[in-house]
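Visitor: I've got a model open and would like to talk through its geometry. Could you walk me through it?

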Amino acid sequence: MSNSESPDDPPPFEDAFRGDDVEQRVYGTVHQTREPTTTSTIAKLSDCDPKTARKYLGWFNNLGIVTRRDGHPETYERNDAYFEWRRINELAAEHSSKELQQCVKELITRIAEYEDTYDAATPAPVDAIRASEESGDRTIDDVYSDLGDWATARKERERYERACQQRASAETE
Amino acid sequence: MTDDGPPTFDASEQWRTDRTTFQRVYDILVGTDNPASAQQLAEWADCSENGARQALQQLTEMGIAEKTDTRPATYKRNTSYLRWKRVEQLARGHSPSDLRARVEELIEEDQSFQAEYGVPEPDAVVTTENVVDDHEVLHQQWEDLSEWRTIRRDIQVIQQAVHRAESMRDDRARV
C-alpha cells in the first residue's frame, strides 16, 4: 500500500488487511479517506479497475466500515461511527461492568467540577481570557488545558456509558 | 441450520466463486452459533487453514470476530458488532420519524403482552409447565415469550437507530 505511511493516520486499524491483494488495497485506501471520494479515484489509488473497486466498496459499505453517498458520481468515505464503535467494543472487552461504571462515576465527578469552576454546562461557551482574569490564579494556558480536558472527559464519559450498555445487552443475549 | 453446522449456502458453487476467502470466512462466522476452530471454519469456508487464519485475524481486529483463549483458539461472531451493524443499517434506510413510529408500535405490542400475562416483562412470567398439562397452551406460551423477548430487543435496537438516524441527518445538514 503506497499511501499507508502518512503520519496522521489513526494507527490501530491500519493493519486490519495485510498483504497486497486488491480487497486489502481498497480497504487501505478507503480507510484513509477523510472526505467523500469517487470510485474511480479509489480505484486509481488502489491500483485496480473501477469495477473491482466498486465491488469491494459495496461489501465494505454492507459491513458498515464505509459510507456510500448516492449522487453522480457516487462517492465513498470511511464511516467514523464504525471506528468509534470499535473503541467502545475494546473498552467493553477489556473491562468488567463494575470497572466501566466506576470510570463513568469518576468522569461525571470530574465534569461536574469543571462545570462548577467555569459556571457553564459545556466548555464551548467559556471565554478563556476572561475566565483566567476572573480566577486570579489560573493562567490562560491553565484554562485552555482545563477546557481541553473537560471536552475529553465528556467524550470519554459517553464512550464508557456506551461500553456499559454494550456489556449489558451482550449479557442478555 | 443446526446448532454448530455450517450455513446452508456452503454447497453453492456461486458462493465459492463470487466471494473472496475473507468474505466466505465472514459468512460462515456470522452464520455459526458456537465457537469454532480455524481448521473447522476453513473446511466450511472451503479455503486453506492459513487463509482462514489470516481472515480470522483480520475479523478479530475489526471487532467482527471474538477469539477465545482456549487451546486450540476458537472464534465466534461478536454479537455486539452485529447489533451495531443492524442499528447502522436501520438508520441508513429509514427516517427518524419512521423509526420512532415503529418504536411506538412495538411498545404497544409490549403493553398488550404485559396486560395478557399480568407481569411487566417476559422473564417474570411463571411458566405453567407444572400446572398446565395442555401442550397447545404451553406451546403458545413459549411462542409468546419468545416473541415478547424479540420485541424487547427490537425496541432497544430501534431506539438506538433513531438517535443514529438523527445524527446522520444533522451531519448531512452540515455538509
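Guide: Sure, starting with the interface: 27 residues of chain B are in contact with 29 residues of chain A, contact meaning heavy atoms within 4.5 Å. This is a predicted model, where local features need pLDDT of at least 70, side-chain atom pairs count only at pLDDT 80 or more, and totals for chains, interfaces and linings use all residues. Residues are numbered from 1 along each chain as its sequence is written, chains are lettered from A and ligands numbered from 1 in the order written, and side-chain values use heavy atoms, leaving out hydrogens and water.

Visitor: How much area do chain B and chain A bury between them?

Guide: Buried area here is the accessible area (1.4 Å probe) that two parts lose on being put together, summed over both. For chain B and chain A, 49% of it is on carbon and sulfur atoms. The total is about 2,300 Å².

Visitor: How many salt bridges does the rule find across that interface?

Guide: The rule wants a side-chain nitrogen of Lys or Arg within 4 Å of a carboxyl oxygen of Asp or Glu. Across the interface of chain B and chain A, the count is zero.

Visitor: At what angle do the axes of H2 and H4 of chain B cross?

Guide: Helices are DSSP runs (H or I, at least four residues), and strands are E runs of at least two, numbered from the N terminus. Axes are lines fitted to C-alpha atoms, for helices over the stretch in contact, with angles from 0 to 180 degrees between N-to-C directions. H2(B), residues 21-30, and H4(B), residues 49-61, are therefore roughly perpendicular (65 to 115 degrees). Their axes come within 9 Å and cross at roughly 70°.

Visitor: Which residues of H3(B) make the contact with H2(B)?

Guide: H3(B), residues 38-45, packs against H2(B) at about 110°, with the axes 9 Å apart. That makes H2(B) roughly perpendicular to H3(B). From H2(B) come Arg24(B), Val25(B), Ile28(B) and Leu29(B), and from H3(B) come Leu41(B), Trp44(B) and Ala45(B).

Visitor: Where in chain B is Pro72(B)?

Guide: A cis peptide bond joins Arg71(B) to Pro72(B), with omega about -5°. As for its place, Pro72(B) is in the loop between strand E2 (65-67) and strand E3 (74-77).

Visitor: And which residue does the cis peptide bond from His72(A) lead to?

Guide: Omega for that bond is near -5°. The residue reached sits in the loop between strand E2 (66-69) and strand E3 (75-78) of chain A. It's Pro73(A).

How values were computed. Angles under 35 degrees count as roughly parallel, over 145 as roughly antiparallel, 65 to 115 as roughly perpendicular and the rest as oblique.
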